[in-house]
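Me: I would like to learn how to read a protein structure step by step. Could we go through one together, beginning with what lies inside?

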Amino acid sequence: MIDPRHPAVRYFRSNADDPWRWAEAGRVLVWADGTTVAFREELVSILELLAQNGLPPFRAVVVLLAASRGKNPPPA
């Protein structure tokens, strides 16, 4: 079992109030309505490119990817 305090787990974890969640055993990132935001392989490619300059917050990456698919976070 992976230690929940591990930095990678903390980086990728979704909160209960996030409009997205992990599905299919962590292979797919889905929006609140169940539509696919990204597959794990896509995220790996994107994050490898971004890592060269330091990783941005994962939530920001998810919201940007979701927006490119026409999804918007719920109003605060």
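Reply: A residue counts as buried when its relative accessible area is under 20%, and as exposed when that area is over 50%. Please keep in mind that this is a predicted model. In helix α3, the buried residues are Phe58, Val61, Val62, Leu65 and Ala66.

Me: Where do the buried residues of α3 fall when one looks down the axis of the helix?

Reply: They fall within an arc of 130 degrees, so they line one face of α3. What covers these buried residues includes the helices α1 (7-12) and α2, together with the strands β1, β2 and β3.

Me: Which residues have the most contacts inside the largest nonpolar core?

Reply: A nonpolar core is a set of buried residues of certain kinds, joined through side-chain atoms within 4.5 Å. Here the largest one has 13 residues, and Leu29, Val37 and Phe58 are those with the most contacts inside it. At least two residues of this core come from each of β2 (28-31), β3 (36-39), α2 (40-51) and α3 (58-67), and the largest share, 5 residues, is supplied by α3. If we leave aside the neighbours of Leu29 within four places in sequence, its contacts include Trp20, Val37, Leu43, Phe58 and Val62.

Me: How should I read the sheet, and in what order do its strands stand?

Reply: One follows the pairing from strand to strand. In this model 3 strands form an open sheet in the order β1-β2-β3, with antiparallel pairing. Both β1 (20-23) and β3 stand at the edges with a single partner strand each, so one side of each has no neighbour in the sheet. Helix α2 packs on the sheet, where it touches β1, β2 and β3, and its direction makes about 70 degrees with that of β3. Between β1 and β2 there are 4 bridges, and the partner of Arg21 in β2 is Val30.

Me: How many aromatic pairs does the structure hold, and how do I describe one?

Reply: It holds 7 aromatic pairs, and each is described by the angle between the ring planes, with under 30 degrees counted as stacked and over 60 as edge-to-face. Trp20 and Trp22 are edge-to-face, at 6.4 Å centre to centre and 85 degrees between the planes, whereas Trp22 and Phe58 are stacked, at 5.9 Å and 10 degrees. This stacked pair links distant parts of the chain, since Trp22 lies in strand β1 and Phe58 in helix α3, 36 residues apart.

Me: Is Trp22 buried or partly exposed?

Reply: Trp22 is partly exposed, with a relative accessible area of 26%, while Phe58 is buried at 3%.

Technical notes: Residues are numbered from 1 along each chain as its sequence is written. This is a predicted model: local features need pLDDT of at least 70, side-chain atom pairs count only at pLDDT 80 or more; totals for chains, interfaces and linings use all residues. Side-chain values use heavy atoms; hydrogens and water are left out. Buried means under 20% relative accessible area, exposed over 50%, partly exposed in between (1.4 Å probe, protein chains only). Contact means heavy atoms within 4.5 Å. Two strands pair if DSSP finds at least two bridges between them. Axes are lines fitted to C-alpha atoms, for helices over the stretch in contact, and angles run from 0 to 180 degrees between N-to-C directions. The arc is that of the directions from the helix axis to the C-beta atoms. Rings of Phe, Tyr and Trp (its six-membered ring) pair if their centres lie within 6.5 Å; planes under 30 degrees apart count as stacked, over 60 as edge-to-face and the rest as tilted.
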